[in-house]
Amino acid sequence: MNYLTPSSTDVIDSGIDVSIIMAAYNSERFIAEALNSCLAQTGVRFEIIVSDDGSDCSIAPLVERICKGDPRVVTLRSPQN
């Protein structure tokens, strides 16, 4: 097997150690607990990417209310099918 090792010029220091990708399809019952658990972490620089793939419920306002504009949290929303 061939593994690629990035050179020092390929790595961009974004200041983030961990990216948390959270699938949020119809997860209204669980999203608050999941986000609060992530936001309570210390000792690591992280971002949370909440991916709402066309939920029936409205996740984006709920995420915004929980995170109160925390810049570490981004919500991506796909249109409903």
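Which residues does Cys67 touch, not counting residues up to four places away in sequence? In this predicted model, the contacts of Cys67 are Leu35, Leu39 and Val73. A good way to place these residues is to begin with the sheet and then add the helices that pack on it.

The sheet is open and is formed by three strands in the order 1-2-3, with parallel pairing. Strand 1 and strand 3 stand at the edges with a single partner strand each, so one side of each has no neighbour in the sheet. On average, and with direction ignored, neighbouring strands are turned by 20° against each other. Strand 1 (residues 18-23) pairs with strand 2 (residues 46-53) through six bridges in the parallel sense. Between these two strands the chain passes through helix 1 (residues 31-39), and the resulting β-α-β crossover is right-handed. Strand 2 is also joined to strand 3 by six bridges, again in parallel. Ser51 offers a handy reference point across the sheet: this residue of strand 2 is the bridge partner of Ala23, and Ser51 also stands opposite Leu76 in strand 3.

Two helices can now be set against this framework. Helix 1 lies across strand 1, strand 2 and strand 3, and runs at about 165° to strand 2. Helix 2 (59-67) packs on the sheet as well, where it touches strand 2 and strand 3. The direction of helix 2 makes about 175° with that of strand 3.

Which residues of helix 1 are buried? They are Ile31, Leu35, Cys38 and Leu39. These residues lie on the same side of helix 1, because they cover an arc of only 95° around the axis. This fits a general rule of helix geometry: with 3.6 residues a turn, residues three or four places apart in an α-helix point the same way. The cover over the buried residues of helix 1 includes strand 1, strand 2 and helix 2, together with strand 3 (73-78).

The packing comes together in the largest nonpolar core, which has 16 residues. Those with the most contacts inside this core are Ile31, Leu35, Ile48, Val50, Val63, Cys67 and Val73. Helix 1, strand 2 and helix 2 are the elements that give two or more residues to the core, and helix 2 supplies the largest share, with five residues. This brings the description back to Cys67, whose contacts include Leu35 and Val73, both of them also listed among the core residues with the most contacts.

Key. Residues are numbered from 1 along each chain as its sequence is written. This is a predicted model: local features need pLDDT of at least 70, side-chain atom pairs count only at pLDDT 80 or more; totals for chains, interfaces and linings use all residues. Side-chain values use heavy atoms; hydrogens and water are left out. Two strands pair if DSSP finds at least two bridges between them. Helices (H or I, at least four residues) and strands (E, at least two) are DSSP runs, numbered from the N terminus. A crossover is right-handed if, with the strands pointing away from the viewer, the path from the first strand over the helix to the second runs clockwise. Buried means under 20% relative accessible area, exposed over 50%, partly exposed in between (1.4 Å probe, protein chains only). The arc is that of the directions from the helix axis to the C-beta atoms. Contact means heavy atoms within 4.5 Å. Axes are lines fitted to C-alpha atoms, for helices over the stretch in contact, and angles run from 0 to 180 degrees between N-to-C directions. A nonpolar core is a set of buried Ala, Val, Leu, Ile, Met, Phe, Trp, Tyr and Cys residues joined through side-chain atoms within 4.5 Å.
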